[in-house]
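Good morning, colleagues. Please look at the sequence and the structure on the screen while I go through a few features.

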Amino acid sequence: MCPGVVAFAGSGPGDVDLLTLKVLKALGEADVILFDRLVSKDIMALAHEGALLEDVGKEGFGPSMAQEEICARLVHHAKRGLKVLRLKSGDPTIFGRLDEELSACEAADVDTQILPGITAASAAVAAIGQSLTQRGRNTSVRFLTGHDMKGFADHDWAQLARRGEVAAVYMGKKSARFVQGRMLMHGADLTTPVTVVENASRADQRVLATTLEHLPADLAAAHFSGPALTFLGLAPRQAATLTDIQMELA
């Protein structure tokens, strides 16, 4: 890392073994680390002993630091000539508000770099033994965020409702009933498989296998409290290697 430069890095889904070597190196060099709520404690334990750690995490529908304040702190530390690491969960380029923070740095003439990480969808689909794309089934996959209800309304639900389509919904626990309604409104089959993976790649990972018809009720019954990713159109592969599947509700 270079003094006065902000590095935007992805810490991956939580398992410390999935951390990239570049991000590991940055953790050991950074003077200041502004980290998100979902970055695991095991990963934060790898930070340089003298680093200033600032928790700037946001919680869905809960208290959080204003985005303007996060941007201001990044610029402030970089202008002091410090090595600044902005550590996000997953990959910083996916639903991480990266553009706003990059723009703030650019406006202040602060140099930046991006260190990618493994996104939650990759870890979650590996946990259920599936592939995000499959020849003859789907040649594309959509990443959606459950936080943006207005944006949800703008999606092409008619296409998503077609048999064989696959979508990964980040932070979608609270929007399950909305997603179900939109899909059914556009002709989706009630038996469309849906899989919800909580705490993907972590020791407390749980997997819920259900269908579009039962999604809201089964998700409520599961009492998931951690971050969860929802796959529309995918069911777990039934294999002996999937010993971490702890829950299946029909």
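Which residue in strand 3 does Ile 33 stand opposite? The residue is Leu 53. I should say at once that this is a predicted model.

The pair belongs to strand 2, residues 32-35, and strand 3, which are joined in the parallel sense over 4 bridges. In general, the strands of a sheet pair through backbone hydrogen bonds, in either a parallel or an antiparallel manner.

Let us now consider the sheet as a whole. It is an open sheet of 5 strands, ordered 3-2-4-1-5, with parallel pairing. Strand 3 (52-55) and strand 5 (111-115) stand at the edges; each has a single partner strand, so one side of each lacks a neighbour in the sheet. From one strand to the next, the twist averages 20°.

Next, the helices. Helix 4, residues 98-107, lies across strand 1, strand 4 (84-88) and strand 5. Relative to strand 1, helix 4 runs at about 170°.

Further along the chain, helix 9 spans residues 215-222. Its buried residues include Leu 215, Asp 218, Leu 219 and Ala 222. Pro 216 is also buried. After helix 9 comes His 223, with a positive phi near 55°.

Finally, I turn to the surface. Val 16, Leu 21, Leu 24 and Leu 46 make a nonpolar patch of about 340 Å². Val 16 is located in the loop between strand 1 (5-10) and helix 1 (21-29). With a relative accessible area of 30%, Val 16 is partly exposed.

Thank you for your attention.

Note on methods. Residues numbered from 1 in each chain as written. Predicted model: local features only at pLDDT ≥ 70, side-chain atom pairs only at ≥ 80, totals over all residues. Heavy atoms only, no water. Patch = residues over 30% accessible without salt bridge, like charges linked within 9 Å, V, L, I, M, F, W, Y side chains within 5 Å. Areas by Shrake-Rupley, 256 points an atom, 1.4 Å probe, with all protein chains shown as cover. Salt bridge = Lys/Arg side-chain N within 4 Å of Asp/Glu carboxyl O. Helix = DSSP H or I, 4+ residues; strand = E, 2+ residues; numbered from the N terminus. Buried < 20%, exposed > 50% of the residue type's maximum accessible area, 1.4 Å probe, protein only. Pairing = 2+ DSSP bridges. Axes fitted to C-alpha atoms, helices over the stretch in contact; angles between N-to-C directions. Contact = heavy atoms within 4.5 Å.
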